[in-house]
Amino acid sequence: LSSNTAAATTTTTTNSCSSPLISTEDIQKISQGGVAIIPNWLPPHLITAMHDDAQQLFQDGQFRPDGLTNTAIKEQGFSKKADRQTFRGGAGWDSDIGDLKTRQEFADRMKELRIQLAQSLNRPTLAEDGTLKHEMTYNWYEPGAKLGRHLDEHHEETKGPTGWMTPTRRSVTWLVYLNEGWTKEEGGALRCLPRSDASIQKNTVQVGCHEGNLQVGWINDGVDPVFLDVFRESGGAALYQVNNNNAEREILSVRDFDVPAQPIDFSKFLKEDIRESFAQISTSRLDPRFANKDAAANNNNGAIAQHDFECSDEPTILDVTPVAGTLVVFDSVSLPHLVREVTGKRQRIAATGWFHEDSQFSIEM
Ligand SMILES: O=C(O)CCC(=O)C(=O)O
Ligand SMILES: [Fe+2]
């Protein structure tokens, strides 16, 4: 078990709108399934103004429990102490409450980043605006709160009956921390669980999605992504990898199949000789909430697991200290992560969101 700690150190000031907002190296990292961590990314005046805005909105009762279903809130008891809370601003980040001007300035900066990502990751529909498309929130953890291991997005076909009902899906996850002088001792690290550095570096095929088909696993020691195509001519589904510089698909499943209900074990559809080297990103053990279909159907993307995991069998652990100004960006489909318990005495506050791409298909509502 190797443990990398990327602790962003505090307050070296950088100029605000220096373009581009993200380096080629960081783009490459995201594309290979790594985590881009950029300290001092947010200009200091925005850190202060956004922190104050979040605090005011919190006092005004504008935050809501998040990551739990309503049933879960009733039956299992949502606790402000233990769970993360979110400001989505009712109609959105643009609601006319709190410090709207500051939130707009931030939204403009994020839009610039989004347009850069659309181009450099070759995910063109990221660039389009849309009121129901990109998500922008503040999140809030009281001392003692944490968030279990999860993925931010899953293959539509694995989400049950509601899977194909939204026209867009999460593509890129971003977090911007707002906690001045936060130290490791205060806890609340964002724990990312990428593959090993060696596997990431050997990877040549962009993670997350291939021609509209989302990724569900890895083969070859975490080097090559495995995608799920559910629109085969046969009417069934197939698992495949991409070879020869993106030129061809190699089918990895024995024959086309119907994707079963959760909990899903994709390995049983694979040719025997590759089964051993297959690793599913989300399983009922690693992501119990997602694998429970009732919970998944009720939940916002079915994304949040309730349990914290020791991660003792994870190859790589990358802990990010949530220091003010740090930007974190990763692919929403392929990177498991969690938030460790806040052990200090103050709240952990962040702006966080998801840039959406169009889904390859959606059921008209
Ligand atoms: O607050 C964080 O650092 C991460 C939050 C998160 O993973 C999520 O909201 O999906
Ligand atoms: Fe997340």
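The following dialogue examines how terms are applied to a predicted model.

Tutor: In this predicted model, local features need pLDDT of at least 70 and side-chain atom pairs count only at pLDDT 80 or more, while totals for chains, interfaces and linings use all residues. Residues are numbered from 1 along each chain as its sequence is written, and chains are lettered from A and ligands numbered from 1 in the order in which they are written.

Student: What makes α4 a helix, and how does its reach compare with the span expected?

Tutor: Helices are DSSP runs of H or I with at least four residues, numbered from the N terminus; α4 covers residues 100-120, which is 21 residues. The expected span is 1.5 Å times one less than the number of residues. From first C-alpha to last, α4 reaches 30 Å, close to the 30 Å expected.

Student: Which residues of α4 are called buried?

Tutor: A residue is buried if 20 or more other C-beta atoms, placed from the backbone, lie within 10 Å of its own, exposed if 12 or fewer, and partly exposed in between. R103, F106, M110, R114 and L117 of α4 are buried.

Student: Why are these buried residues said to be on the same side of α4?

Tutor: The arc is taken from the directions from the helix axis to the C-beta atoms. Because the buried residues cover an arc of only 90 degrees, they lie on the same side of α4. On the other side, K101, Q104 and D108 are exposed.

Student: What makes a residue part of the shell around ligand 1?

Tutor: Its C-beta atom, placed from the backbone, must lie within 6 Å of the molecule. The residues around ligand 1 include N139, D152 and H337.

Key
Helix = DSSP H or I, 4+ residues; strand = E, 2+ residues; numbered from the N terminus.
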